[in-house]
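Okay, thanks for squeezing me in, everyone. I'll put the structure up and then walk you through it.

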Amino acid sequence: MDYSIDELITVLMAREVTNTDVMIVGVATPCVWSAFTLAKVTHAPNAIFHYIMGNTFVYEARRVSLLWLENTAISRCHRIHNSGECTLELLPHDTLTTIEFFRPAQIDQYGNTNNTCIGSWDNPKVRLPGAAGIPDFSGFYSRGQSLYVTRHDRRTFVPSEKLFFRSGVGYVNGQMPVAGGAGPKFIITDLAYLDFDEKTKKMRIKTRHPGVSIEEIQEKTGFELIVPNKVPETKPPTDHELKMLREKVDPLAIRRLEVLTGKERDEHLQYVIENEIKMEKRVMERI
Amino acid sequence: MSLKEAVSQYVEDGDLVGIGGLSFWRKPISAIREIIRQGKKNLGIVTFVGGLDVDLLAGANCINRVRASFVGMELFGLAPRYREAVESGKLKVIEETEASIALGLKAVYLRLPFMPLKGIIDTDILKVRDDIKEFVDPLKNERLVAVPPIKPDVAIIHVPYADEKGNGNIAGAVWIDDDLSKVAKKVIITCEKIVETEDIIRLPGKGQIPMQKVDAVVRVPFGAHPTSCYPFYTFDPIHIKNYMKINYDEYFNTFIKPENIGDYLEKVGGIKSILNIIT
C-alpha cells in the first residue's frame, strides 16, 4: 500500500513502544498520540496512556481527536493528579518505563535541542513557545529520549554553535546527561531513522527511508553524520498498520496537521474542525 | 461580587498575576477581558502553560513580564501577539520549565528560600536567569540547581463548580492551580455553577481550591470561552482560528468591549456556537 510521510513517521514512532510503557501524550502532538494509539491496538496492548491534557493515566485506546480530547483524557481516567505529582513524582520513575516524543525546532549532533528562540535570546527573530517540560523529564528517562522531526533540513539540524538556545539537554560535549537518564536514543524524520554512536555520542544514520539516499540525508543535515558501512532501508509501514491507522486510530488524519504548512494546513484544520463539530457522540469510540 | 468589582479590588497595576489552566483549556478568559477593559498596566504573568490568556494580555499591552514554561496556540500556531511583544522587546520572558514553576510555588508554602532541581542543569536557562544558581549538593557532592520561590500577588482561576465560601472544584485536569491558590496573596475564582458545599464534597476531587484562600467567587457561565471548561464545553476552534487572523483593534471592539457575558456570547455566534462546543 502507498503511504504518506505523516503515516510513515507515525508508524515508525509506534514501533518504538513496548508493552510495558507509559506513553506520554503531550500538547498538540497528534502524530505522537496516533502513534501511541496505533501501538496499543497492534503490538503493545498493555501500554498505558498518560495525558498531559488531564494529568491522568488511561488504559483504553480511543480514536484520536482534536476537540474532544478531554473526554478521553479525563472522563475515562483512573485517577487525577496535579502537574507537580506527574512531573516530579511519577514520570521519571524507577520502575515505570516511559516513552515520550519531543519535536525540536533545532537539534545538534549531540541531540541538544532548542524550542525557545530563533536568533539571539535577547533580541529574537522568532520567539518560539519555550522549553515546556522537556528538561524536566528527558534527562531522567532510563530508556532514553525519543525525538522526531517532520521536516529534515538544515534549519532544524544545525551545528552546535548554531543552536540558538539549549532548552533540551542531550549529550553535552559528548557526555551523559547529569540527571542520570540514558540520553537521546533516536530521531525519526521524514528522510531517515537516526541514532547516536555509543562511543562518541554523535548522531548517525541507522536506516534511510525507501527512495532516500544517504547523500540526500547528509545534504539536508547541517553537520556531518556518522555513516556506518551498512545503512539498510527503513521497513515501510505494513498494510495492517496503515489500515488500523487510517480506519480506526485517526480517520480524520489529524496527525497531518504536524506535517502540512500554509494554505494546505489551514484547509485541513478547517476540515477536521467541521467534522468534529458535526459529531453527535463526543466521547470517541473505543478501539 | 461582580467580576468588575473583583478585578478592580484585587488586581493592581504591577502585580504578578497567577493564571490557572493550560494554553486554551480552562483559562479564566472572562476575567482576562475584564483586566483589559480596566486597562491594568505592567502586570506580570505566571502560568504553567500560556496560550490565549497571555496573548490577549500582550496584545492589550497590559503585561511587561511572563513566567511560563511554554506559550503557544497549540495546533493553531505560535501565539501572534505574544511573539510580536517579545520580539519587539516590550515583553520580558522569564524562562521557566514545568518543574521550575511547580517547585517555585511549592517553595512558598514550604517556606524554603529555594528548591533544588536537576533537570535544567546544562540548559541555557541558567544563562538568562540571574536568580537561578548551580550549587553542589552538600550530601552527595553532585551538581544541583537552586530555583527561587514564586509568589503571585493574585491568582485567577476558572473552575466548573464553586460554593459561596470559595471552595472550588476542578472536574478535570488540575495542573498547578491548587498550588497557585495556596500561595497567591489573593485569589479570585470564576465558575460555571455555584453549588451548595454539600454538593462540592460529592464531586470527584472535592474542593481542590481551598475556601480559606479565596477572596472572591464570581459566577460567569461560559467564563472560559473560547477556551474549554471540562465537563461542560471544549474550546471554540472557529473563534480561535478567527482570532489568529483578526486585527487586534477589531477583536477588542467586537469581543472584549462587551461587559455582559450574554452580549459577548451573541457576538461569538450565539446559541449555534455554543452547540458546537458543548460536550
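When I say two residues are in contact, I mean that their C-beta atoms, placed from the backbone, lie within 7 Å. And keep in mind that this is a predicted model.

So, on that footing, how many residues of chain A are in contact with chain B? It's 43 residues of chain A, against 47 residues of chain B. On the chain A side, the elements giving two or more residues are α3 (69-73), α4 (83-90), β9 (124-127), α5 (134-138) and α8 (262-278). The largest share comes from α4(A), with four residues. If you sort that side of chain A by class, you get 25 nonpolar, 13 polar and five charged residues.

Now over to chain B. Its secondary structure comes to twelve helices and eleven strands. Its radius of gyration is 19 Å, close to the 19 Å that the globule rule gives for 279 residues, so chain B is as compact as a globular protein of that length. Picture its C-alpha atoms in a box of roughly 60 × 50 × 35 Å along the principal axes. Of its 279 residues, 56% count as buried. And take the chain B contacts with a separation of 6 or more: 73% of them join residues 24 or more positions apart.

Last stop, helix α5 of chain B, residues 98-109. From first C-alpha to last, its twelve residues reach 18 Å, close to the expected 16 Å. Buried residues in α5(B) include E98(B), I101(B) and L105(B). After α5(B) comes R111(B), with a positive phi near 55°.

Notes. Residues numbered from 1 in each chain as written. Chains lettered and ligands numbered in written order. Predicted model: local features only at pLDDT ≥ 70, side-chain atom pairs only at ≥ 80, totals over all residues. Nonpolar A, V, L, I, M, F, W, Y, C, P; charged D, E, K, R; others polar. Rg over C-alpha atoms; globule rule 2.2 N^0.38 Å. Buried ≥ 20, exposed ≤ 12 C-beta atoms within 10 Å, placed from the backbone. Expected span 1.5 Å × (residues − 1).
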